[in-house]
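I opened the model to look at two things, a chain contact and a sheet. My notes follow in the order I took them.

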Amino acid sequence: MTNIRKVSKLAGVSVATVSRVLNHPESVSEETRNRILKIMEEENYVPNSIARSLSTNKTNTIGLIIPNILDPLYPSITKGVEDVFFKKGYNILLSNTEYDAKREKDCIEMLLSKKVDGLIICSSILGREGFEIIMKQKVPFVLVGEYIDDSDINIVYTDYLSGAYMATKHLIKAGYKVIAHISGPMNRKVSKEKLEGYKKALLEAGYPYDEEYVIEGNNQIDGGHLALKKMIKKKGKPDAIFVANDLMALGTIEAIKALGYAVPKDIAIVGFDDIDVSSLIEPKLTTVTHPVYRMGLTAARLLLDYILDEEETCFKQKIFIQPMLKVRKSCGFDNRIEEIFS
Amino acid sequence: MSLSVDFMGIKLKNPIIVAASPLTGNGNMIKKAIQAGAGAVVTQTIANEVRKNVRPRIAANFYGMQNIELYSNLTLEEWEREIYDVKEKGAVVIANILAHTPSEMAYIANKVERFGVDAIELGISIPHGEGVELLISDKKRLYNLTKTVVDSVEIPVMVKFSPNVSNLTALAKTVEEAGASAISAIDAIRSILEVDIDKAKAILPTYGGYSGEGIRPIALAAVANIAQAVKIPVSGIGGIDNYKNVIEFMMLGASTVQICTSLMKNGYDKIEEILIELERWLGEKGYSSLEDIRGQALDSLKSFEEIPIEPYTVKMKSQCSGDNCTKCLKSCIYDAISIRNNRIAIDDSKCTGCGLCVSLCKKEILYLDW
């Protein structure tokens, strides 16, 4: 079997140069790189990653922990992470936590025992002590999700409160008087922040805040459906609803139609997340962009910086990715220019 | 006599910079600009996330060009190699970057600094794809974006300005306070180039950025305005097509200029043509460097109180030979110009000295005097 020494001999270069072609191809001139790659191909050379791990003390794998792969947000984050890492020769080990703290802890331990070079943890529900084990092993890690204060933790975050505030304010601007909210599960911090944003916009505009117009959903399509029915039964029809995520907004729209109402004529809807399907359904959903792909890219870049350049760890970074309002048709706002530019 | 300039502490062999644009979208394209003689190159806008470009996305007419191209199609990682390559060739490279929050902007700035760029330009005036309100338009946000980037890199930071704002002066002062090393002005202006009236359709499918000769007067005013408001240097951009335009920008306070549309329409030979003519003109006038002319024309800009009202009326150096040109006749809204016995006649009692005919007279026969 061909090994790295044979390739270097055939190419007339040092083993280190062949190794650089494998690990840092950008540092080798194009001509040499192509010559070596050609020899590798001719000789059917496949680098032995286990041997490499032993000599470099790196496994070229990173761990990515997400709550639930079926939630359309997380494939986008995953894609962002992989778009950066794949090109640098890393594999990703993926774990789902199902929003379970015990399971999240187990995932971290399992990935650490696999000797991953770094970890990205999305929407973590563990507090600081949950990360102590990672810090002790000096494995670089980046959190993705809502802001945390700890100065020694890297995080790529967005602001759910201001996103929800933007969404609600937009409905107020569009002239709706009774604006309800279908929230996510209240045991999650993100849901609480969105509720706060909703409340802030209402109170700022001098609207009353009526708790009965806030119905808790489960962040799934059926949750939106059920919440809408419950609201109509309990309080009657609102003018508009800010729904805490797009999946529930899809269910809400479906339920509104089933009850014989129209969106946005009878009830206007604004969602949150801007998942792919939001711009395809009728009416197209006005929503807040949850910049998950960009957050995935940024988290991966940040993690890679720390993996490649350990000295850099002297200060930790907190990168804020801005949520933005995407005005479409479901909010009944007929100012076309904002639709074009949002 | 030398065309070299010191810009933000960087020595440029000449003041011509190729502007952030589709022309500077990768290393090979940047190399072409350098080979053509540019003093420096600004990369196409580098952002965290690559957005696919639509087709078609560029349209031009006689006056200018509209583009709806978004940002660079290369990822941040890919730019590392491109910048390394062009830096190896000794180019001066300024990275144009875009993000929406200070922390995100600082991250990208840090990255491109490590890739080896010489300076950063904040591309926060893009007129399409970024909201009705430009990122630059809010003073507080502008300050935070600029300050955070300035604080997190060692290299100079320049901020690109747009005339699509209400108070250029206040914004210029804001970035100066935030520690920016320079201001570049202007970015393309939000536009719709033309409407195809047979199809009732705009020529490109969304609002875009207008550039080229049509925007030069707007750019000249913006550069003068900024130069009179702040002490940091200005890089003039907007419709530069020949050496005279370069001098115009410099006389209004620019230290360097950026060119794009003219190169896209006419090719890179333009750069050498401009440089040769520029050198010739400076030599003829006896200037030893560009610094001699910088800001020279700013003193000619006055407030209305300072402009003396003198009894000018239009005069003729000689009788016009005609050639069927009746521009002066047609343009005189005061009926002061007429033809009598086949000769142009001016009625002093009607002429109000507005000067329009003088600027329209191709033969330069007309002038104002009293």
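How many residue pairs are in polar contact across the interface of chain A and chain B? I note beforehand that this is a predicted model. I found 14 such pairs, with both residues at pLDDT 80 or more.

I then looked up which elements of chain A lie on that side. α12 (292-308), β11 (318-320) and α13 (336-341) each supply at least two residues to the side of chain A that touches chain B. α12(A) gives the most, with seven residues. I sorted this side by class and got 13 nonpolar, four polar and ten charged residues.

Next I checked the extent of the contact. Chain A brings 27 residues and chain B brings 24. The area buried between the two chains is about 2,100 Å², and carbon and sulfur atoms give 53% of that. On the chain A part, A:R294, A:R301 and A:F341 supply 35% of the area buried against chain B, more than any other three residues.

I counted salt bridges between chain A and chain B and got five. In one salt bridge, the side chain of A:R301 meets that of B:E77 at 2.7 Å, N to O.

Last, I turned to a sheet in chain B. Four strands form an open, antiparallel sheet in the order β6-β7-β15-β12. β6 (58-60) and β12 (189-191) are the edge strands, each pairing on one side only. Ignoring direction, I get an average turn of 35 degrees between neighbouring strands. β7 (residues 65-67) and β15 (residues 208-211) of chain B pair over three bridges. I looked up B:Q66 and found B:Y210 as its bridge partner in β15(B).

How values were computed. Residues are numbered from 1 along each chain as its sequence is written. Chains are lettered from A and ligands numbered from 1 in the order in which they are written. This is a predicted model: local features need pLDDT of at least 70, side-chain atom pairs count only at pLDDT 80 or more; totals for chains, interfaces and linings use all residues. Side-chain values use heavy atoms; hydrogens and water are left out. Contact means heavy atoms within 4.5 Å. Buried area is the accessible area (1.4 Å probe) that two parts lose on being put together, summed over both. A salt bridge is a side-chain nitrogen of Lys or Arg within 4 Å of a carboxyl oxygen of Asp or Glu. A polar contact is a pair of N or O atoms within 3.5 Å; within protein, one must be able to donate a hydrogen and the other to accept it, and residues adjacent in sequence count only if both atoms are side-chain atoms. Ala, Val, Leu, Ile, Met, Phe, Trp, Tyr, Cys and Pro count as nonpolar, Asp, Glu, Lys and Arg as charged, and the others, Gly among them, as polar. Two strands pair if DSSP finds at least two bridges between them. Axes are lines fitted to C-alpha atoms, for helices over the stretch in contact, and angles run from 0 to 180 degrees between N-to-C directions.
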